[in-house]
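Colleague: Could you take me closely through one helix of this model, with its burial and its surroundings spelled out?

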Amino acid sequence: APDPAPSQPMLEVSALCRRFAGVAAVEDVGFDVAQGEVTCLLGPSGCGKSTTLRMIAGIERPDSGAVRIGGRAMSDAGGFLPPERRPVGLVFQDFALFPHLDVAANVGFGLQGPARQNRDRIGELLERVGLSGHAAKYPHELSGGEQQRVALIRALAPRPCVMLMDEPFSSLDHRLRDGVRDAALDLLRETETTVLMVTHDPEEAMLMGHRIAVMRKGRLIQEGRPDELYNRPADRGVAAFFSDLNIVSGRVSGGRVQTGLGAFPAPGLAEGSRAEVAIRPQHLVPTDTETGGTPARVERARYLGRESLIEMRLEPGGAAMKSRVPGLILPAPGSLIHVAAQPGSAMVFACDGE
Ligand code: ATP
């Protein structure tokens, strides 16, 4: 599908840097979030996601770089806008509700209009998330999922330009999480809210994000649609974030990299250079012997319900491979099968760098 007409992004982050005790926590991070879009900031623990979010919120001061929200600079030579003066709504992992205020007062906390208008806004939001009957309760009288919804509508109530959410679902029981996540997503989409959400969970990022920005060691590695990150990862590390990988390597010759699983197109890679090929387990499939494929000795095969997981070693060479195939397919351990990568599924990377 073509991209929507370019308009001014709601959130613009450029060249943000932050060091702690001389060590870079965030280095040269920049990206935009368009109006009404959800961008997930994804990466392993300690990669700088929260620090990035906190700098956008104004909780943490960047050493350098700039943040613009709704076209307005959040800092300049003259000063740095504190969090309460930024048009942002904040939701944290622990929800951070005010324990001494009831639900209605929590939701209304950031509202500045006339009392009657505020009451209407609070009532409308409580109703929207199914909590009308809980207005007079205190946070400790609510379930985790209910607290999460209160935190969400409290942040939404003043109609912020951008919602900043740091692991907003990770303290919820996993049985509850799917429902709460879907409800939150519906509300954010209906209100066309612009969102930046931090998560370490790739599945959550795929589920929630129109776009995903992957960070590693303080740097932004890749930013794009979920399908772009999954199918065209910038490097092996990004690819490995979303699933196990089968890795084979070889040299580039005649524009193709020659590996133990056959030859794969290696566009843009220098002749004679080493390249790695990554294939996701669901894309490495058993073949009929007649149609070719690479022989592999089965080590273990298990049925997982929706699919079977076959672990094997290529012959010759002995490289360990995994194949996930739909249904019940359990070749005997020790038997020889043939496997091949599905056409177009191989991800080829230059060997330097990663
Ligand atoms: P997590 O998911 O574990 O919160 P993260 O990706 O959000 O990880 P950050 O919390 O941004 O990572 O931390 C990035 C790095 O900066 C880490 O090495 C962390 O220890 C360090 N760091 C963060 N805040 C501070 C601070 N106030 N003082 C010193 N070091 C800090």
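Modeller: In α4, the residues Q147, Q148, R149, V150, A151, L152, I153, R154, A155 and L156 are buried, where a residue is called buried if 20 or more other C-beta atoms lie within 10 Å of its own, exposed if 12 or fewer, and partly exposed in between, with C-beta atoms placed from the backbone. This is a predicted model, in which local features need pLDDT of at least 70 and side-chain atom pairs count only at pLDDT 80 or more, while totals for chains, interfaces and linings use all residues. Residues are numbered from 1 along each chain as its sequence is written.

Helix α4 covers residues 144-156; helices (H or I, at least four residues) and strands (E, at least two) are DSSP runs, numbered from the N terminus. Its 13 residues reach 18 Å from the first C-alpha to the last, close to the 18 Å expected at 1.5 Å a residue, the expected span being 1.5 Å times one less than the number of residues.

Because ten of the 13 residues of α4 are buried, the helix is largely enclosed by the rest of the structure. What covers those buried residues includes two strands, β8 (88-91) and β9 (162-166), together with the helices α2 (103-108), α3 (115-128) and α5 (174-190), with two residues taken to be in contact if their C-beta atoms, placed from the backbone, lie within 7 Å.

Strand β3 (residues 38-42) can be described in similar terms: five of its five residues are buried, so β3 too is largely enclosed by the rest of the structure. From β3, V38, C40 and L42 point one way and T39 and L41 the other way.
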